[in-house]
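The following paragraphs walk through a structure, taking its strands, helices and ring contacts in turn. Please keep the sequence and the coordinates open while reading.

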Amino acid sequence: MKAVRVTSDGLHLDRNAQIPEFEHEHSVIIKVAVAGICGTDINIKNGKGRCKDGAIIGHETSGIVHAVASGVQIFKPGQRVAIKGTRGCGNCYFCSVRRSMYCKNRRGIIYYGTTRNGGMAEFMVVDDADTYLIPDDLSFQGASMTEPMSSLIRSAYIASIEDKDNSKVLVIGGGIAGLNLVNYLDFIGVKHITLTQRSENRRKLIANLKFKNVTVLSDTELHSDYLQNIGDQHWGFDNIIDCTGNSEAIENGIKYLRPAGKFVMYGVPSKDFSININAFDFMFREKQISGALVQPNDFEDALNVIIKLSRAGRLNFHNYGAKEYNLEDFETAFSDLESRKIIKAFILP
């Protein structure tokens, strides 16, 4: 079979990879339908992400059950499924409190596409515990977005929007993450959502998506509004979620918090980026800053959200600027993403 592997000098197409075999009695072999490319894959390609040498990348995966081992009870060949990209050991403290992204037994973590072979191949082998049935009316592209959606749902949970009718919510960054997040927030009935996006062309595209409760502004427009209202503690936002990881965007965004506001970092900042805040302001006005990481325990909830969005006609990835590529064209897909010609790439093995 064909597969995209990590080597010491980048990513390469292996045209003679072996079709995977069962690893144990709970193994499921998947005929991959879609593998999404995300920021983790780009970092791996550029030598900035951790990945086992020779591993097949891809952790946003959906497909069809090809074969099941003897101990698999739920699944059978021909079923459509989504694959959860990561799982903890299930035994340590953090796994017991549903925070398995901090699993103590790091060797117990399964992370397809980094420590185990992932989905950017014609076939992959997974554990049945990481396999979820999907309905016939959900596209494979939509199903492959369950993993990133689980992270976004967690960021919204941490932001804890208290009043959907009156809370003012800011999402920083109109990339695929920001669009998926405002789509979700708009769908669940949050009434006052502002999305910032630097590119004028992207702002025009987003305007055509016709979200019900979303105002789209440039970074400059929002910051100018802030400068005109310095000292007015009623100006600003109750919940802010950054989807960029950009240091300037984060530093400015924190200034936009109203009293009791919560700032959540979903976008990944550089490791050496530090935030300078006025501690008195945060104490006296009860402001909060938090991070939001991938949460394996939210995968099933995220899949249910994806299904609901799909049935409501709200999974319009092509309208976002997404594009499909054959496996042989993976280099073009990565190039188009990095040059921002597209917003999301789906690999079709």
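**Sheet, helix and pocket**

Val264 has Ser290 of S15 as its bridge partner. The model in which this pairing is seen is a predicted one. Val264 falls within strand S14, which spans 257–265, and S14 runs parallel to S15, the two being joined over four bridges.

Helix H8 lies against the sheet to which these strands belong, with contacts to strand S10 (168–172), strand S13 (237–242), S14 and S15. The direction of H8 makes about 155° with that of S14.

The sheet as a whole is open and has six strands, in the order S12-S11-S10-S13-S14-S15, with parallel pairing. Strand S12 (214–217) and strand S15 (288–291) form its edges, each pairing on one side only. From one strand to the next, the twist averages 20°.

H8 and S14 also take part in a pocket. The second largest pocket has a volume of about 420 Å³. Its lining comprises 21 residues, and those closest to the centre are Tyr226, Lys255, Leu257, Asp281 and Lys287. Three elements each supply at least two lining residues: helix H8 (247–255), strand S14 (257–265) and helix H9 (279–284). Sorted by class, the lining of this pocket consists of nine nonpolar, seven charged and five polar residues.

Aromatic contacts come next. Across the whole structure, a search finds 11 aromatic pairs. One of the pairs is formed by Trp235 and Tyr256, whose ring centres are 5.8 Å apart. How are the planes of Trp235 and Tyr256 arranged? They stand at 85°, and planes over 60 degrees apart count as edge-to-face, so this pair is edge-to-face. The two residues are 21 residues apart, and the pair links distant parts of the chain. Trp235 sits in the loop between helix H7 (219–228) and S13, while Tyr256 sits in the loop between H8 and S14.

A further set of strands pairs in the antiparallel sense. Strand S3 (residues 27–37) is joined to strand S4 (residues 60–68) in this way over eight bridges, and within this pairing Val28 has Val68 of S4 as its bridge partner. On to the next pairing: S4 also meets strand S5 (residues 80–83), again antiparallel, over four bridges. Here Gly63 stands opposite Val81 in S5. S4 therefore has S3 as one partner and S5 as another, since strands pair if at least two bridges are found between them, and the counts are eight with S3 and four with S5.

Methods
Residues are numbered from 1 along each chain as its sequence is written. This is a predicted model: local features need pLDDT of at least 70, side-chain atom pairs count only at pLDDT 80 or more; totals for chains, interfaces and linings use all residues. Side-chain values use heavy atoms; hydrogens and water are left out. On a 1 Å grid over the protein atoms alone, a cavity is a set of points where a 1.4 Å probe fits but cannot get out, and a pocket is an open set with protein on both sides within 12 Å along at least five of seven lines; lining residues have an atom within 4 Å of a point. Grid points are joined across faces, edges and corners, and a volume is the space filled by probe spheres set on the points. Ala, Val, Leu, Ile, Met, Phe, Trp, Tyr, Cys and Pro count as nonpolar, Asp, Glu, Lys and Arg as charged, and the others, Gly among them, as polar. Axes are lines fitted to C-alpha atoms, for helices over the stretch in contact, and angles run from 0 to 180 degrees between N-to-C directions. Contact means heavy atoms within 4.5 Å. Rings of Phe, Tyr and Trp (its six-membered ring) pair if their centres lie within 6.5 Å; planes under 30 degrees apart count as stacked, over 60 as edge-to-face and the rest as tilted.
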